[in-house]
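These are my notebook entries on one structure. I set out to look up its salt bridges, its aromatic contacts and its strand arrangement.

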Amino acid sequence: MRLLFLGDVVGRAGRSAVIDALPRLRADWKLDFVAVNGENSASGFGMTPKIADELFAAGADVLTLGDHAFDQKEMLSHVEGVPRILRPLNFAPGAPGRGHGIFPATRGRRVFVAVALGRVFMNRPFDDPFSALDAAMKTAPLGGPGGAVQAAIVEIHAEATSEKMAVGHWCDGRASLVVGSHTHVPTADAMILRKGTAYQSDAGMCGAYDSVIGMDKAEPLKRFVTGMGTERFQPALGEVTLCGTLVETDDATGLARSVTPIRLGGHLRQSAPPGPMPG
Ligand SMILES: [Fe+2]
Ligand SMILES: [Fe+2]
């Protein structure tokens, strides 16, 4: 199977670029399943039901959320009725929505998706992501005749690369892909781990990189330089780079055959699977 994960979609620029490109990417890259992190798609903070509908219509199979999951209050009730939107699985018990699920892919195949929050350098305490992922993965054994799913994507939404790599090794052999999100900057460490799980510490964002992590740079610079903030952060406009991770899996085992970091458009050095760049 060919699975694409797209990192945090930031603001109007990011979501327009994703909505515009995704139908073409699905066709050109023969994608079987697409997961997109939408936690910053509404003016940089959270996701609205309307934006979720637009991302689904463009070709996302599952939308994930991170620490900004409920910045838009409508999402608190909306996640209860839309199982294809996942919030982090290690939110406090009783939080609305779900953090993992099994979803249909092409040709009757099934994909497990989970999203977990890290705890290192995060400004709120969350439950232990390792035990939460362990319990969730046990509900969806990967590959083989007895497997419940043909592929599995684990997203680790976290600040520290150390914690993300630890999650990668914790899930090695039990997921097709472990991919990081939240920092909005892609890492250069896409690889296949020893037991067959594809891994990238951070996929990067789908947003304008002439910015400070997707936000117009004026206000963040003022806050860093003077120590004082005066205005709200606004998502940057301008040229967008779509960032993500593409993994090709073996249906029999659910493990990765190849992994390709995706950086498409905008200011970053481009990276895509071999073949013509999508038009
Ligand atoms: Fe984010
Ligand atoms: Fe985040």
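**Entry 1: Salt bridges**

I began with R2, which is partly exposed, with a relative accessible area of 22%. I note here that the model is a predicted one. The side chain of R2 meets that of E248 in a salt bridge, at 3.7 Å from N to O. I placed R2 in strand β1 (residues 2-6) and E248 in strand β12 (residues 240-249), so this pair ties together parts that are 246 residues apart in sequence. E248 is likewise partly exposed, with a relative accessible area of 29%.

I then searched the whole structure and found 14 salt bridges. One of them joins D128 to R119, with the closest N and O atoms 3.7 Å apart. I recorded D128 as partly exposed, at 26% relative accessibility, and R119 as partly exposed, with a relative accessible area of 42%.

Which residue forms a salt bridge with K164? I found the partner to be D202, the closest N and O atoms being 2.8 Å apart. K164 belongs to helix α5, whereas D202 sits in the loop between β10 and β11 (207-208), so the pair ties together parts that are 38 residues apart in sequence. Are K164 and D202 buried or exposed? K164 has a relative accessible area of 1%; the cut-off for burial is under 20%, and K164 therefore counts as buried. D202 also counts as buried, at 1% relative accessibility. I further noted that E219, K222, R223 and E231 are joined into one network by salt bridges that share partners.

**Entry 2: Aromatic rings**

How many aromatic pairs does a search of the whole structure find? I obtained 3. F70 and F91 form a tilted pair, 5.9 Å centre to centre and with 45 degrees between the planes. F70 lies in the loop between β3 (62-64) and α3 (74-81), and F91 in the loop between β4 (85-86) and β5, 21 residues apart. I recorded both F70 and F91 as buried.

For F130 and W170 I noted ring centres 6.1 Å apart and planes at 75 degrees, so this pair is edge-to-face. F130 lies in helix α4 and W170 in helix α5, so the pair ties together parts that are 40 residues apart in sequence. W170 is partly exposed, with a relative accessible area of 36%. I also looked for clusters: F70, F91 and F126 form one.

I next looked up charges over rings. R174 lies over the face of W170, at 5.3 Å from the ring centre. The charged end of R84 sits over the ring of F56, 3.9 Å from its centre.

**Entry 3: The sheet and its helices**

I traced 6 strands that form an open sheet with mixed pairing, in the order β5-β6-β7-β8-β10-β9. Why is one side of β5 and of β9 left without a neighbour in the sheet? β5 (100-104) and β9 (191-192) stand at the edges, and each has a single partner strand, so one side of each is left free of a neighbour.

Within the sheet, β6 (residues 110-117) and β7 (residues 151-157) run parallel and are joined by 7 bridges. I noted A116 standing opposite I156 in β7. Helix α4 (residues 129-138) packs on the sheet and touches β5, β6 and β7, its direction making about 165 degrees with that of β6. Helix α5 (residues 161-171) lies across β7, β8 (177-181), β9 and β10 (198-200), and runs at about 165 degrees to β8.

Key. Residues numbered from 1 in each chain as written. Chains lettered and ligands numbered in written order. Predicted model: local features only at pLDDT ≥ 70, side-chain atom pairs only at ≥ 80, totals over all residues. Heavy atoms only, no water. Pairing = 2+ DSSP bridges. Helix = DSSP H or I, 4+ residues; strand = E, 2+ residues; numbered from the N terminus. Contact = heavy atoms within 4.5 Å. Axes fitted to C-alpha atoms, helices over the stretch in contact; angles between N-to-C directions. Phe/Tyr/Trp six-rings, centres within 6.5 Å; stacked < 30°, edge-to-face > 60°. Buried < 20%, exposed > 50% of the residue type's maximum accessible area, 1.4 Å probe, protein only. Lys NZ or Arg CZ within 6 Å of the ring centre and 35° of its normal. Salt bridge = Lys/Arg side-chain N within 4 Å of Asp/Glu carboxyl O.
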